[in-house]
Amino acid sequence: MKNFSIAPLSALAAGDALPARDPRSGAAFGAPPDTLLHGDAGVASTLYDDGNAPAPDSQQIGADREEIKDWLRLCHAPGVPPAAVRRLLTVFGPPWAIFCASRADLARVLSDDLVARLLAPVCADLSEQIARTLEWASRPGCAVVTLSESAYPQALLTLGDAPPILYCRGDVGLPNRAGDMAAALVGSRRATPQGRDNARHFAQVLGDAGVTVVSGLAAGIDAAAHEGALETAGRTCAIVGTGADVVYPARHHALAGRIAERGLLLSAFPVGTPPRPDHFPRRNRLIAALARCTVVVEATTHSGSLITARLAGELGRDVLAIPGSIHAPQSRGCHTLIRDGATLATSPEDVFEALGIAPPATKIAKLDAKPPEAMPAPRPGRLRHASRGAPSRGPAADLFDVDGDGDGNAHDVSPVHASMTTSASVSPGMAAVLEALGYDPVSADTLCERTGQGITDVLAHLSVLELDGRLARLPGGRFVRLTSLDVR
């Protein structure tokens, strides 16, 4: 169902819009062409009421073939910048109206050079992209959703430059149905076992309560969050930094398929787009905008997850962070967030409070790990400058960080804690146990589950590692690491 008026003026034109005009006559609606409109008025909604627009199909989800061609021709015209596209949409309405406008009318909005580029014949590359997109959109469960669709996620309209085209696999209406009942769970791709357990636990409890879990399909925390949500009756939404037809990392093909079946996989990048460093901060903006609150489960001080947290704070969303060991690099980013004003989260109940909903009576359990004594008390309130405590190195540097964290999509990596290697003094079995320890106290039974080893072998390895000074035995039959993960 078409509803171009859902896009507020500020989302398309970032505040410098001209009034909409009838493309057939060039007349402005109620104002001279050089008059600026202010406020959040609808954009060219009357263009759909004059009887000349294509009749909408109430059963159709997403754009049809002709609309897809027009939107791609507009948004991907060589040499026409996004700002010019937003201005055209604000003045004329949807692409079909833009291409019906006269060259003279277009020249009143854009320079002659940009008008010439816009009206130039479709080049071979764009023609190929259109054909590829049409073929992809014809597949079951795939849809192209534009700003003219009522299914377009309204939460994204809070962005000053909402992406005009979205590529969706699965439940297209999920973001709008979820509304404020959506929480983002993000964090390190090189997550600790405890971090993955925490992400899964939070996602399960939130999913059981009907909260949509939003994340980025990355390895580590993101994957655990999606998997936890899929184990419930709830829904999950994966925002990716590639084309919707490209799964990254590749080992998440099965997970992406399950998300598309039970939730939504969404991309703002054209079909066929490969992973690139600059795509993921742009992906993070969508995660922050779609969720009512963002929970950072684990993150180093240079993690891409801090970008998501900062963007969420700038959008007025609540930011929460789960604390961890003061010795764990994966917890330092969370501790920085808490220091800078993020809400400390020790259970899913804290997320329910941020969402403004009552937690379910059951299935709310505090995490085993308590906030370290040395951590400063959190200051309540929304985060405004999430990454203030870390040196800024730019979005690409955050993704290819030197300490090997990132937000999970910079490049394919080996399993958790890639720095774990073996040496003459540490057998593979011991290395696996030490890796599975993470940074928080755990029991031998938990280590058996994480490593797949028998209890006899695990206890033997624990004894050797204890004598070697790599771990300590705590009351209650739990063990804690005394050294870093790198045992070379």
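## A cis-proline loop, two sheets and a pocket

Pro249 sits in the loop that links β5 (236–243) to α11 (253–262). The peptide bond leading into this residue, from Tyr248 to Pro249, is cis, with omega near 0°. This is a predicted model, and every value here is computed from it.

**Overall make-up**

The protein chain holds 19 helices and 12 strands. Of its 488 residues, 54% are buried. Among contacts with a separation of 6 or more, 74% join residues 24 or more positions apart.

**The nine-strand sheet**

Nine strands form an open sheet with mixed pairing. Their order is β1-β2-β6-β5-β4-β3-β7-β8-β9. The edge strands are β1 (142–146) and β9, and each pairs on one side only. At the β1 edge, the partner is β2 (residues 165–170). These two strands run antiparallel and are joined by five bridges. Ala143 faces Cys168 of β2 across this pairing.

Strand β3 (residues 182–186) has neighbours β4 and β7 in the strand order. How much of β3 is buried? Five of its five residues are, so the strand is largely enclosed by the rest of the structure. In a regular strand, side chains alternate between the two faces of the sheet. In β3, Ala182, Ala184 and Val186 point one way. Ala183 and Leu185 point the other way, and all of these residues are buried. β3 pairs with β4 in the parallel sense over three bridges. Ala182 has Thr212 as its bridge partner in β4.

Just beyond β4 comes a backbone oddity. Leu217 lies in the loop between β4 (212–215) and α10 (221–230). Leu217 has a positive phi of about 65°, although it is not a glycine. Is Leu217 buried or exposed? Its relative accessibility is 1%; buried means under 20%, so Leu217 counts as buried.

**Helix α14 across the sheet**

Helix α14 lies across β7, β8 and β9 and runs at about 135° to β8. Eight of the 11 residues of α14 (residues 329–339) are buried, so the helix is largely enclosed by the rest of the structure. The buried set is Gln330, Ser331, Gly333, Cys334, His335, Thr336, Leu337 and Ile338. What do these buried residues pack against? Their neighbours are β7 (293–296), α13 (305–314), β8 (318–321) and β9 (343–344). An α-helix has 3.6 residues a turn, so residues three or four places apart point the same way. After α14 comes Gly341, with a positive phi near 120°.

**The three-strand sheet**

A second open sheet has three strands in the order β10-β12-β11, with antiparallel pairing. β10 (442–443) and β11 (471–474) stand at the edges. Each has a single partner strand, so one side of each is left without a neighbour in the sheet. β10 pairs with β12 (residues 478–481) over two bridges. β11 pairs with β12 over four. In the hairpin of β11 and β12, three residues lie between the strands. Gly476 takes a positive phi near 90° in this hairpin.

Bridge partners from both sheets are set side by side below.

| Residue | Partner residue | Strand of the partner |
|---|---|---|
| Ala143 | Cys168 | β2 |
| Ala182 | Thr212 | β4 |
| Val442 | Phe479 | β12 |
| Ala472 | Val480 | β12 |

**The largest pocket**

Rolling a probe the size of a water molecule over the atoms shows where empty space is left. The largest pocket has a volume of about 850 Å³. Its lining comprises 32 residues. Which of them lie nearest its centre? They are Cys75, His76, Pro82, Ala268 and Arg282. The elements that give two or more residues to the lining are α3 (82–92), α7 (124–137), β2, β6 (264–269) and α12 (279–290). The largest share, five residues, comes from α12. By type, the lining divides into 21 nonpolar, four polar and seven charged residues.

Strand β2 links two parts of this account. It pairs with edge strand β1 in the nine-strand sheet, and β2 also contributes to the lining of the largest pocket.

Conventions
Residues are numbered from 1 along each chain as its sequence is written. This is a predicted model: local features need pLDDT of at least 70, side-chain atom pairs count only at pLDDT 80 or more; totals for chains, interfaces and linings use all residues. Side-chain values use heavy atoms; hydrogens and water are left out. Buried means under 20% relative accessible area, exposed over 50%, partly exposed in between (1.4 Å probe, protein chains only). Contact means heavy atoms within 4.5 Å. Two strands pair if DSSP finds at least two bridges between them. Axes are lines fitted to C-alpha atoms, for helices over the stretch in contact, and angles run from 0 to 180 degrees between N-to-C directions. On a 1 Å grid over the protein atoms alone, a cavity is a set of points where a 1.4 Å probe fits but cannot get out, and a pocket is an open set with protein on both sides within 12 Å along at least five of seven lines; lining residues have an atom within 4 Å of a point. Grid points are joined across faces, edges and corners, and a volume is the space filled by probe spheres set on the points. Ala, Val, Leu, Ile, Met, Phe, Trp, Tyr, Cys and Pro count as nonpolar, Asp, Glu, Lys and Arg as charged, and the others, Gly among them, as polar.
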